[in-house]
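Open your viewer and keep the selection panel handy. We will walk through this fold one stop at a time.

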Amino acid sequence: MVKPIGIFDSGIGGTSIWREIVKMLPHEDTIYLADSHNAPYGAKPKEEILQLSIKNTEYLLSMDCKLIVVACNTATTNAIDYLRAHYQVPFIGIEPAIKPAALHTKTKKVGVLATKGTLASELFHSTSKMFTEGITVLEQEGTGLVELIERGEARSKETKALLSQYLNPMLEQQIDCLVLGCTHYPYLIPLIKELVPSNVTIIDSGEAVARQTKAVLKKNLLHADLNRKASHRFYINTEANILTSMVGGPEVDVEYKDF
């Protein structure tokens, strides 16, 4: 029996990571947990984020997952050290892509749009400090954006107005790289492109996470047969309609679960 890759997020945003993993590893089965009932994680205290991450991990392990992708920046920055210390499977985390932004910027000014939980974490600050000597990092909490995306309003007028409010102060400071520090935010890229000049590079972590997942599977001899057809299961603990519309297809099964 082929064991699946487990993926969890505080809702539907981590499907942006799931897409990159499926694109790079089309032969691997996946199980995705959308903990939308508890979204967003970003405003919660660290201990609650940790407990939710433990709950999600144990649910995925009960379904025999061979590797777990923590497809949530807030959960990664607040819980992944604990998860790696207490469970035997490999974990892949998500961090804001500060390093590529620092290497790419010419104005030496980088914007980071993320949740409060990510921006306040020790992991974010240590990573940022490691790569941004001589670079100004402008941090902005994306309060309210996750909730709008969870409601299927990633392209609404309300979302655009909120984004404009968050991006304009960074643009006034001449950022030329914008790091999306939440896995929900890639779904805002069409709107962001309408609001930022063409010289601003938008950076997210999806492809890098898929590459790391592939490398860890290979290192641990966990990869599936390259010639098989993969299946994908999604579980959500709220209404499934929006998630189904985002990922639905003949090889994708979306189901409500009270986890």
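Two rings of Phe, Tyr or Trp (its six-membered ring) are taken as a pair if their centres lie within 6.5 Å, and planes under 30 degrees apart count as stacked, over 60 as edge-to-face and the rest as tilted. What you have on screen is a predicted model.

**Stop 1: the aromatic rings**

By that rule, there are four aromatic pairs here. Select Y32 and F234 to see one of them: the ring centres are 5.2 Å apart and the planes meet at 35 degrees, so this pair is tilted. Colour the chain by position and you will see distant parts brought together, with Y32 in strand β2 (residues 30-34) and F234 in strand β9 (residues 232-236), 202 residues apart.

Are these two rings buried or exposed? Y32 has 0% relative accessibility and so counts as buried. F234, also at 0%, counts as buried too. Now add W18 to the selection, and you have one aromatic cluster made of W18, Y32 and F234.

**Stop 2: the sheet**

Switch to a cartoon view. Six strands make up an open sheet, in the order β4-β3-β1-β2-β9-β10, and their pairing is parallel. At the edges sit β4 and β10 (252-256), each of which pairs on one side only.

Next, zoom in on β1 (residues 5-9) and β3 (residues 67-70), two parallel strands joined by four bridges. To pick out a bridge, select I7, whose partner in β3 is V69.

**Stop 3: the largest pocket**

Turn on a surface. The largest pocket has a volume of about 560 Å³. Of its 26 lining residues, G93, E95, S205, A208 and V209 are the closest to the centre, so to speak the place to click.

Which elements supply the lining? At least two residues each come from α3 (73-86), β4 (91-92), α4 (98-104), α6 (122-131) and α10 (206-219). Helix α10 gives the most, with six residues. Colour the lining by class and you will find 14 nonpolar, five polar and seven charged residues.

**Stop 4: the enclosed spaces**

Hide the surface and look inside. How many cavities of 30 Å³ or more does the structure hold? There are two.

The largest cavity has a volume of about 60 Å³. It is lined by 14 residues, and those closest to its centre are S10, C72, T74, T115 and C182. This lining divides into five nonpolar residues, eight polar and one charged.

The second largest cavity holds about 50 Å³ of space. Select S16, I17, N73, I94, L180, C182, T183, P186, D204, S205 and G206 to show its lining. By class, these are five nonpolar, five polar and one charged.

**Stop 5: two cysteines**

Finish with C72 and C182, both shown as sticks. Why is there no bond between them? The sulfur of C72 has its closest cysteine sulfur in C182, 6.7 Å away, and that is too far for a bond, since a disulfide needs the two sulfur atoms within 2.5 Å. C182 is likewise in no disulfide, with the sulfur of C72 as its nearest. Across the whole structure, a search finds zero disulfides.

Both side chains are also worth checking for accessibility. C72, at 4% relative accessibility, counts as buried. C182 is buried as well, its relative accessible area being 8%.

Terms used: Residues numbered from 1 in each chain as written. Predicted model: local features only at pLDDT ≥ 70, side-chain atom pairs only at ≥ 80, totals over all residues. Heavy atoms only, no water. Buried < 20%, exposed > 50% of the residue type's maximum accessible area, 1.4 Å probe, protein only. 1 Å grid on protein atoms, 1.4 Å probe; cavity = no way out; pocket = protein on both sides within 12 Å on 5 of 7 lines; lining within 4 Å. Points joined across faces, edges and corners; volume = space filled by probe spheres on them. Nonpolar A, V, L, I, M, F, W, Y, C, P; charged D, E, K, R; others polar. Pairing = 2+ DSSP bridges.
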